[in-house]
2 protein chains.
Amino acid sequence: MSKTTVSHSSLISASASEVRAAIRSGSYDGHTAGLAAGHLQCNLAILPEAFALDFLRFCQRNPKPCPVVGVGDTGNPALPTLGRDIDISTDVSKYRIFRNGTLNDEVTDITEVWSDDLVTVALGCSFTFENALLRAGIPVRHIETGCNVPMFRTSIDLEPAGPFSGHMVVTMRPIPEAQVEETRAICARYPQAHGAPIAFGDPADIGISDLAQPDWGEAVDIYPGEMPVYWACGVTPQNVLLDAGLPICITHSPGHMLIADVAEDAETPILKRDIPIQQGD
Amino acid sequence: MSKTTVSHSSLISASASEVRAAIRSGSYDGHTAGLAAGHLQCNLAILPEAFALDFLRFCQRNPKPCPVVGVGDTGNPALPTLGRDIDISTDVSKYRIFRNGTLNDEVTDITEVWSDDLVTVALGCSFTFENALLRAGIPVRHIETGCNVPMFRTSIDLEPAGPFSGHMVVTMRPIPEAQVEETRAICARYPQAHGAPIAFGDPADIGISDLAQPDWGEAVDIYPGEMPVYWACGVTPQNVLLDAGLPICITHSPGHMLIADVAEDAETPILKRDIPIQQGD
């Protein structure tokens with residue numbers, strides 16, 4: 001079981017399955033931004049079955065921050081609609097284990113804590129629409145400057161379900177005013193990746209006091225002629241899960257996503273079976 | 001409690017809430033096609049909580065036939081993300097009650113059978129994309145001829161979840177060959193209403209033996225220069241629920257849908273709270 005370390009750059013044009021294999025074998029434990037280009041990357045929430053129905057209701061009621069793209073069977077680490085050979089207990093490069101709402105451990109595999117009682121929920125992430133914006137020539141500041149996207153708590157109430165409630169977390173990207181409408185139209189095509197922005201303009205309107213002081217990530221400059229644009233963020237469900245104080249809950253570590261076999265621009269996040277029919281989409 | 005009967009035509013330009021009030025009071029018990037124009041109409045599945053997690057997993061894995069647009073709290077007949085005053089036990093004009101997989105009753109209100117154990121799942125329906133096709137000048141044959149859309153069992157396997165599995169049911173609409181691509185593009189904008197067609201052309205490719213003999217609904221003519229186009233159909237989850245033989249399961253009667261306050265072209269099926277912020281969508 002040799003564990004040759006592979007570099008981030010060597011995995012950029014790899015297939016999703018190759019990246020997962022490198023992670024599974026322990027050869028790669030870095031972040032996944034830009035890897036297996038063109039494939040859907042996913043936020044991860046693994047929780048006990050007793051909370052799964054309420055969590056799925058919560059996600060359905062808050063589809064902008066919580067776009068569900070895959071749900072596993074109880075106790076089964078496979079996610080066949082997202083990838084042919086996914087084992088969620090080994091195929092993410094870094095996991096965070098929370099117990100009773102507190103960070104308990106950060107690990108590179110969860111086979112030791114996996115149990116027959118756990119349900120995996122995979123959620124779309126912002127990489128998908130950022131890639132689409134870049135392809136359209138729309139600048140994405142935190143990628144230009146190589147820093148983490150700034151994230152902010154807001155005053156926007158979430159629709160509650162069972163023990164899950166709270167306020168939306170958003171990301172902010174400065175967009176040239178002339179390109180805000182195009183940005184909106186592009187992102188609206190990706191409902192499984194937070195969709196269109198939820199607001200733009202004055203941060204006070206959504207309860208943000210200072211754009212220079214993000215709650216997570218790093219502040220970015222806003223140039224003259226640019227408008228701050230806000231998207232629902234995948235940190236929202238993570239916070240909500242922590243606040244609910246579940247006995248156990250496992251997430252990916254920030255930036256260390258699950259990479260699916262599904263194309264990031266597919267109409268649905270469901271891997272097509274190999275059926276020899278003439279298909280309309 | 002006078003029950004003045006109101007006509008279908010008098011409700012076409014009514015609000016969703018007015019139509020629901022007419023149904024709730026017993027003044028209207030007809031079909032809902034064309035009512036409260038512009039509002040989302042929904043298929044309905046009400047089932048015991050013990051089956052709800054698996055049913056939501058089934059819907060997530062089969063989003064084309066089973067696009068979830070609302071899920072109620074267990075035992076609560078309200079659906080606040082779909083409408084401000086919805087009471088699902090009274091607000092649908094005709095319900096079907098199934099016990100152990102067999103049709104047991106057809107009623108105009110289910111207050112007598114509602115229980116603390118039931119979960120409501122609302123699913124998008126084809127009215128949404130049919131309205132969009134008509135607005136674009138694309139003919140919809142069964143509407144032109146005033147009959148019910150033809151529906152067919154196919155050989156397309158569904159992704160199973162718990163006790164739920166089977167084959168996809170599709171609707172067929174003949175579309176002029178020159179408009180098939182426009183049809184696909186328009187419908188793809190409505191992922192919550194079955195989205196883009198799942199196939200077109202030879203019915204044998206998806207296991208349909210004779211387009212003149214639909215399994216439900218009525219056959220329609222296919223004119224020269226037209227191609228049969230197939231969409232995932234909301235009868236799929238109904239069949240799957242029946243096959244699972246649940247002790248109790250309640251659906252709407254065909255054509256008698258729940259009418260939501262949400263606009264049928266909204267980005268998400270979640271009713272906006274009245275918050276005074278500048279919104280991007």
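These legends accompany close-up views of a predicted model with chains A and B.

**View 1. Chain A as a whole.**
Chain A contains six helices and eleven strands. Its radius of gyration is 18 Å, close to the 19 Å that the globule rule gives for 281 residues, so chain A is as compact as a globular protein of that length. Along the principal axes, the C-alpha atoms of chain A fill a box of roughly 55 × 40 × 40 Å. Of the 281 residues in chain A, 47% are buried. Contacts often span long stretches of sequence: among those in chain A between residues at least 6 apart, 74% join residues at least 24 apart.

**View 2. The axis between the two chains.**
A rotation of 180° superposes chain A on chain B, with 0.0 Å of shift along the axis and an RMSD of 0.0 Å. That is the relation of a two-fold axis. Which residue of chain A has the C-alpha nearest the axis? That residue is A:L53, with its C-alpha 2.6 Å from the axis. Both copies use the same surface, since 95% of the contact residues of chain A recur in chain B.

**View 3. The side of chain A that touches chain B.**
Here 37 residues of chain A are in contact with 36 residues of chain B. Four elements of chain A give two or more residues each to this side: α2 (49–61), β2 (68–71), α5 (180–188) and β8 (199–200). Helix α2(A) gives the most, with six residues. By class, this side of chain A has 18 nonpolar, eight polar and eleven charged residues.

**View 4. Two domains within chain A.**
Chain A is divided into domain 1 (42–125 + 237–259) and domain 2 (127–236). Domain 1 is thus written as two stretches of the chain, and domain 2 as one. The C-alpha centres of the two domains of chain A lie 23 Å apart. Across the boundary, 21 residues of domain 1 of chain A are in contact with 23 residues of domain 2 of chain A. On the domain 1 side, α2, β5 (118–124) and α6 (235–243) of chain A each supply at least two residues. The residues of that side divide into eleven nonpolar, five polar and five charged. Helix α2 of chain A therefore appears in two views: on the side that touches chain B, and on the side of domain 1 that touches domain 2.

**View 5. The nonpolar core around A:C42.**
In soluble globular proteins, nonpolar side chains tend to be buried together. The largest nonpolar core of this model has 160 residues. Which of them touch the most other members? They are A:C42, A:L47 and A:V170 of chain A, and B:C42, B:L47 and B:V170 of chain B. Leaving out residues up to four places away in sequence, A:C42 touches A:V69, A:G70, A:A122, A:L123, A:G124, A:C125, A:M257, A:L258 and A:A260.

**View 6. Helix α3 of chain B and its cover.**
Helix α3 of chain B runs over residues 127–135. Its buried residues are B:F127, B:T128, B:F129, B:E130, B:N131 and B:L133. What covers them includes β1 (39–48), β5 (118–124), α4 (141–144) and α5 (180–188) of chain B. Just after α3(B), B:G137 takes a positive phi of about 80°.

**View 7. Asn100 in both chains.**
A:N100 sits in the loop between β3 (95–99) and β4 (102–107) of chain A. Phi of A:N100 is near 50°, a positive value in a residue other than glycine. Is A:N100 buried or exposed? A:N100 is exposed, because 11 other C-beta atoms lie within 10 Å and the limit for exposed is 12 or fewer. In chain B, B:N100 lies in the loop between β3 (95–99) and β4 (102–107). B:N100 also has a positive phi, of about 50°, although it is not a glycine. With 11 C-beta neighbours inside 10 Å, B:N100 counts as exposed.

**View 8. A:P214 and its contacts.**
A:P214 is found in the loop between β8 and β9 (226–232) of chain A. A:P214 is partly exposed, with 19 other C-beta atoms within 10 Å. A count of 20 or more would make a residue buried. Beyond its neighbours within four places in sequence, A:P214 is in contact with A:P150, A:M151, A:F152 and A:A219. A:G72 lies 142 residues from A:P214 along the chain, and their C-alpha atoms are separated by 33 Å.

Notes: Residues are numbered from 1 along each chain as its sequence is written. Chains are lettered from A and ligands numbered from 1 in the order in which they are written. This is a predicted model: local features need pLDDT of at least 70, side-chain atom pairs count only at pLDDT 80 or more; totals for chains, interfaces and linings use all residues. Copies are superposed by least squares on the C-alpha atoms of residues with pLDDT of at least 70 in both. Two residues are in contact if their C-beta atoms, placed from the backbone, lie within 7 Å. Ala, Val, Leu, Ile, Met, Phe, Trp, Tyr, Cys and Pro count as nonpolar, Asp, Glu, Lys and Arg as charged, and the others, Gly among them, as polar. Domain bounds come from an automatic or database domain assignment. A nonpolar core is a set of buried Ala, Val, Leu, Ile, Met, Phe, Trp, Tyr and Cys residues joined through C-beta atoms within 7 Å. The radius of gyration is taken over C-alpha atoms; the globule rule is 2.2 Å times the number of residues to the power 0.38.
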